[in-house]
Amino acid sequence: MDSQWTSDAFKSRISDYSSRKRFEAGSPNDREIEAYSYHISNHFRGNLQGKKALVLGLTPELRAMLHDFGMSVICIDQNQDAIALFRDWLPLDRTVDENIVEGDWMNLEDYLDEPIDVVVGDGVFGNILSLQGHRTLLNKIEKILNNRGICVFRKILIPENFSVQEYEVKKLIKRHRSGEMDDAEFGFAMRIWGLKDTAFNENKFLLDNNYSFSIFRQMYRDGLLNDDEIAAIERYYFGGINLITPQAIWEELLTDSGFEFESFPLSGKDWYAYYPIFGCVRRSYSCC
């Protein structure tokens, strides 16, 4: 996992400390949490009380959802900044049945003493910087998952028939200034797609965020971005590398790791098209 997830990067995503709100797109919004919830609740037909859930990372919105279901929750993350910032993000009375572990996702089996019913993560695979790393983590999840369990992930990918040309910097600025994109849609798209021609390694599927943000900041100094535009982009600051796969490759990885999957498309926000939510079950699962 990329080590450039610093305290500053985590804090840039917080819109309001007092209400514990984070900027959408970088964090799942209410509609996306509903999608996570649907995948999980529908799979277990609403019978979730007492089941065991694993969160890859410390995503507060996911943890709150799982606690609302009455599940026991374990969170695993090796980033000390994330743990320090988000450990107490939820009220204590909501996290009585929660265990936070500082550990490497690649060693999941070392932290679990029994199978897990639900595994969730938000954007986590973008921080695994090789396809082999994706395979390794998916295989480990498949092994620790209860035979009748489910895992749900939000994953940035390059959709089939995706028009990258519509996400070039100049076009994104024009779409934002015309009111076609809101601040979240604009800021997030600028980070992911705005400099794809120069910041993205097409062969390794790696996005160099540090390069992108250096260019955006220079554009601001040159007067090509205004105060509101650079502020919208800085919400999603990250100084490291992300891996962004084409959709077909991600789905092939899921299949090769023993999963069947489905993804219900959301509408209303630009990033829904390239940041979908996948519900995955073991192919060996049988409802009978």
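**Entry 1. The cavity**

I began with the lining of the largest cavity, whose residues divide into 16 nonpolar, 8 polar and 6 charged. I note at the outset that the model I am reading is predicted. My search of the whole structure returned 1 cavity of 30 Å³ or more. For the largest cavity I recorded a volume of about 450 Å³. I then listed what surrounds this space: 30 residues line the largest cavity, and Trp 5, Gly 26, Asp 122, Gly 123 and Asn 127 are the closest to its centre. I also looked up which elements contribute two or more residues to this lining, and they are α4 (80-86), α7 and β11 (241-243).

**Entry 2. Helix α7**

As α7 had appeared in the cavity lining, I turned to this helix next. Helix α7 covers residues 183-194, which makes 12 residues. I checked its span and found the end C-alpha atoms only 14 Å apart, short of the 16 Å that a straight helix would reach at 1.5 Å a residue.

I then asked how many of the residues of α7 are buried. The count is 11 of the 12, so the helix is largely enclosed by the rest of the structure. The buried residues run through Ala 184, Glu 185, Phe 186, Gly 187, Phe 188, Ala 189, Met 190, Arg 191, Ile 192, Trp 193 and Gly 194. I noted that charged side chains are on this list, Glu 185 and Arg 191 being among them.

At the start of α7 I found a side-chain oxygen of Asp 182 within 3.1 Å of the backbone nitrogen of Ala 184.

**Entry 3. Arg 191**

I singled out Arg 191, which lies in helix α7. Is Arg 191 buried or exposed? Its relative accessibility is 6%, and because buried means under 20%, I entered Arg 191 as buried. I next listed its contacts, leaving out residues up to four places away in sequence. Arg 191 touches Arg 13, Leu 207, Asn 209, Ser 212, Phe 213, Phe 216, Tyr 236, Phe 238 and Asn 242. One of these, Asn 242, falls in β11 (241-243), and β11 is an element that gives two or more residues to the lining of the largest cavity.

**Entry 4. The two largest pockets**

I recorded a volume of about 450 Å³ for the largest pocket. Its lining has 18 residues, and the closest to the centre are Arg 20, Lys 21, Asp 30, Glu 61 and Ala 64. I looked up the elements that each supply at least two residues, and found β2 (21-22), α2 (30-44) and α3 (60-68) among the contributors. Which of the elements gives the most to this lining? It is α3, with 5 residues. The lining of the largest pocket divides into 8 nonpolar, 2 polar and 8 charged residues.

The second largest pocket has a volume of about 240 Å³. I found 16 residues lining it, with Ser 263, Pro 265, Tyr 272, Ala 273 and Pro 276 the closest to its centre. At least two residues of this lining come from each of α11 (247-256) and β14 (277-282). I entered its composition as 12 nonpolar, 2 polar and 2 charged.

**Entry 5. Phe 69**

I located Phe 69 in the loop between α3 and β4 (72-77). With a relative accessible area of 18%, Phe 69 is buried, because the limit is 20%. Apart from neighbours within four places in sequence, I found Phe 69 in contact with Ser 37, Ile 40, Ser 41, Leu 48 and Gln 49. For Ser 41 I also noted the separation: Phe 69 and Ser 41 are 28 residues apart along the chain, and their C-alpha atoms are separated by 8.6 Å.

**Entry 6. Thr 245**

I placed Thr 245 in strand β12 (residues 245-246). Thr 245 counts as buried, at 0% relative accessibility. Its side chain is joined to that of Lys 155 by a polar contact of 3.3 Å. Neighbours within four places in sequence aside, I listed Leu 131, Lys 155, Ile 156, Leu 157, Ile 158 and Trp 250 as the contacts of Thr 245.

**Entry 7. Lys 143**

Last, I looked up Lys 143, which has its place in helix α5 (residues 131-144). At 69% relative accessibility, Lys 143 counts as exposed. I compared its position with that of Glu 114: the two are 29 residues apart in sequence and 11 Å apart in space, C-alpha to C-alpha.

Note on methods:
Residues numbered from 1 in each chain as written. Predicted model: local features only at pLDDT ≥ 70, side-chain atom pairs only at ≥ 80, totals over all residues. Heavy atoms only, no water. Helix = DSSP H or I, 4+ residues; strand = E, 2+ residues; numbered from the N terminus. Expected span 1.5 Å × (residues − 1). Buried < 20%, exposed > 50% of the residue type's maximum accessible area, 1.4 Å probe, protein only. Polar contact = N/O pair within 3.5 Å; in protein donor to acceptor, adjacent residues only side chain to side chain. 1 Å grid on protein atoms, 1.4 Å probe; cavity = no way out; pocket = protein on both sides within 12 Å on 5 of 7 lines; lining within 4 Å. Points joined across faces, edges and corners; volume = space filled by probe spheres on them. Contact = heavy atoms within 4.5 Å.
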